[in-house]
Amino acid sequence: MFTPNPPITASSLNSFRERRQLAPLLLCLPLLLLLLVLLVWPLAHLFQQSLLLTNVPAGRITLRNYLEVAAVPRYRHALFWSLELSFAVASASTLICLAPAWLFTRYQFRGKLIIRGILSLPMTFAGMIVGFLMVILLGRTGFIPQILERMTGSPLLSGVSYQFPGLILAYLYFEIPRATLTLESALSKLDSRLEQAARSLGANRWQVFRLVVLPAIWPALISTFAVTFSVSLGSFGVLLVLSIRRFTLLPLEIFTQYIVPPTDQGIAAAMSLTLLTVAFVTGYGLRRVARRIGVTHA
Amino acid sequence: MKTNRIMVLAVALLAITVSLVFAEQIVIQYDCIPNYANWGGVTKAYQEKTGVQIPPDMKGSSAAMTALEAEEKSPKADCAYYSGAIGFQAASKGLHEPYKPKGWERIPADLKDPNGTWWTVHLAHVAILVNTSALKGKPVPRSFDDLLNPIYKGMIVYDDPRIQGTGFTFVSGINAVLGGGNNLKVGFDYLKKLDANILKYAKENSYNELLRGEIPIWINADGNGLKAKNVDKAPIETVIPAEGTITMPLVMGLVKGAPHKEETKKYMDWLLTDEAQQLMAESYFQPVIPVKLESSLQAKFPPESAYAKAKVLPLDQLAAQADSIKKRWELEIESGR
């Protein structure tokens with residue numbers, strides 16, 4: 001009937017622990033190797049490049065490239081604009097995605113799967129395609145200005161795609177789906193009985209949301225923000241098509257430094273590492289914040 | 001079981017031979033934009049004739065040169081096509097190796113390098129390409145000065161000179177057209193004023209956007225405008241500006257260490273035949289070798305008098321200044337919000 005477990009000895013416990021540590025390590029080995037080849041090595045190369053001046057190939061190690069990124073107004077602006085854009089896009093898409101993500105986790109309705117499928121489409125588009133879509137939609141002769149012209153007599157919003165708001169819209173187009181799917185997976189872990197309990201204790205819908213749901217999903221919101229922020233920080237294909245005048249983003253400057261003669265790999269490498277550091281620090285910092293909030297509310 | 005294995009082997013062998021055959025029948029040309037100088041049509045004609053494929057490549061002149069520099073140790077491209085000055089620059093950087101295609105002696109002496117590291121394949125002129133229906137009743141601009149009129153605000157596009165050769169030719173040449181001196185001040189002053197009317201500095205080819213009317217005014221090569229009107233039947237007028245224009249030799253060179261060298265030489269020979277030159281003329285780029293055009297085709301080109309004031313810029317000087325002109329444009333025109 002009931003067989004007692006064999007007595008636990010120190011040696012069997014040890015070997016059990018060892019196996020427990022070894023197996024995951026072995027399973028992670030391919031990933032670790034991949035990281036080494038695709039992350040550590042290129043980063044080391046990039047770092048070395050960023051410390052050398054392009055014009056002086058055998059020169060001494062220097063921080064001149066980093067100083068130049070800070071000193072040249074164009075590069076400095078590029079960094080600030082990148083941060084500005086990513087912040088705007090990340091906060092807007094996190095806010096906007098809250099409702100659809102909630103809808104997907106809490107309600108069953110027909111066509112849910114297909115809607116989610118359609119929603120994930122924009123994430124697969126390359127930046128340049130999104131750029132062309134924006135031109136078709138909000139260019140000088142875009143679809144929307146033409147409709148507005150028919151309705152109001154003047155082509156409102158014409159050419160918005162070549163301005164900063166157009167760029168934000170384009171980024172939202174592919175960030176909202178990403179944010180929705182990220183948030184949805186976090187929301188699905190939320191215990192719906194908490195809300196039911198609050199409701200049965202007499203809280204109205206708003207109170208349930210503000211006092212029960214919101215504190216519980218804060219960490220998820222913050223990590224959604226972190227994901228969209230870092231993705232926005234790195235993409236520039238949209239801008240390549242929209243070519244907004246007197247505006248640039250740090251990744252576009254990196255691209256330009258690499259392809260436009262006179263090319264300067266040193267500066268490009270310094271810019272890349274600056275961008276990487278910013279992305280890493282914000283991502284890591286936000287995740288720590290999210291965890292702390294998560295712990296206090298658990 | 002046995003037949004299965006034989007089948008697999010046969011299919012594998014077939015795949016290898018096919019890929020080998022195809023590997024030989026390809027020529028990689030950097031800056032082979034289908035909607036520029038009708039490279040799409042020209043390369044298609046060559047493929048139909050010989051079976052050799054020349055895939056499209058969307059790099060502009062400067063991007064092509066940079067790519068060749070980056071790949072210098074193991075070249076991926078066989079030949080490249082550029083606006084004159086950038087091609088000259090690429091040749092002086094040692095990215096090309098000499099080759100004088102058949103028909104070489106028919107190219108005028110000032111349009112080729114005596115050693116054959118670059119040579120002109122056809123010529124064009126900077127022109128104002130206007131989609132007349134997109135102007136919505138506004139007058140067609142006739143001169144560079146007209147373009148400064150505030151009625152054209154947000155309607156004018158020229159190519160980012162840091163990437164596209166035609167944009168570079170315009171930016172570096174406008175000074176001479178307007179009678180400026182060596183320091184290009186007159187030209188840059190003009191570009192600063194023009195900036196107020198610019199929709200964008202295009203980094204990509206804008207031909208289709210011009211056809212659609214998304215871009216009403218594009219400063220680009222005359223041939224592209226004439227093709228838009230006569231071949232693609234769009235309402236495009238090609239205006240040779242009243243102040244004059246810039247003659248732009250478009251040049252090619254054989255890449256040093258080209259992977260398909262022999263095929264490329266044959267292709268280059270063909271580009272200078274009457275047949276290919278005629279084909280370029282039919283896409284409204286001026287052949288470098290005088291070919292007899294049918295009078296109906298000749299009539300579609302602007303009259304020779306329109307080009308009377310066209311400036312021919314010395315490629316060596318332009319090439320020497322290319323990097324600094326691009327930097328200056330970035331600083332004075334493109335920087336600051």
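**Notebook: strand β4 and helix α5 of chain B, and the nonpolar core**

I began with a single pair in the predicted model, and found that B:His125 has B:Thr247 in strand β9 of chain B as its bridge partner. B:His125 belongs to strand β4 of chain B, residues 119–131, and I then looked up how this strand is joined to β9(B), residues 246–255: the two run antiparallel and six bridges connect them.

Next I went through the other partners of β4(B). With strand β7 of chain B, residues 217–221, I found five bridges, again in an antiparallel arrangement, and within that pairing B:Val126 stands opposite B:Ala221. Strand β8 of chain B, residues 236–239, pairs with β4(B) in the antiparallel sense over four bridges, where B:Leu129 is partnered by B:Thr238. With strand β10 of chain B, residues 286–287, the antiparallel pairing rests on two bridges, and here I noted B:Gln286 as the bridge partner of B:Leu123.

I then asked how many of the 13 residues of β4(B) are buried. The count came to 13 of the 13, so I recorded the strand as largely enclosed by the rest of the structure.

I turned to helix α5 of chain B, residues 165–177, and checked its length: at 1.5 Å a residue its 13 residues should span 18 Å, and because the C-alpha atoms at its ends lie 18 Å apart, I noted that expectation and model agree. I also looked for a bend, and found one of about 25 degrees at B:Val171. The helix is mostly covered, with 12 of its 13 residues buried; among them are B:Phe168, B:Phe170, B:Ile174 and B:Val177, as well as B:Val171, where the helix bends. Just after α5(B), I saw that B:Gly179 takes a positive phi of about 80 degrees.

Last, I looked up the largest nonpolar core, which holds 155 residues, and asked which of them touch the most other members. They are A:Met271 from chain A, together with B:Leu68, B:Cys79, B:Ala80, B:Val157 and B:Met252 from chain B. The largest share of this core, 12 residues, comes from helix α9 of chain A, residues 205–234.

I followed A:Met271 one step further, leaving aside residues up to four places away in sequence, and listed its contacts as A:Val69, A:Tyr75, A:Leu250, A:Glu253, A:Ile254 and A:Gln257.

Technical notes
Residues numbered from 1 in each chain as written. Chains lettered and ligands numbered in written order. Predicted model: local features only at pLDDT ≥ 70, side-chain atom pairs only at ≥ 80, totals over all residues. Core = buried A, V, L, I, M, F, W, Y, C linked by C-beta atoms within 7 Å. Buried ≥ 20, exposed ≤ 12 C-beta atoms within 10 Å, placed from the backbone. Contact = placed C-beta atoms within 7 Å. Expected span 1.5 Å × (residues − 1). Bend = angle between axes of the 7 residues up to and from the residue. Pairing = 2+ DSSP bridges.
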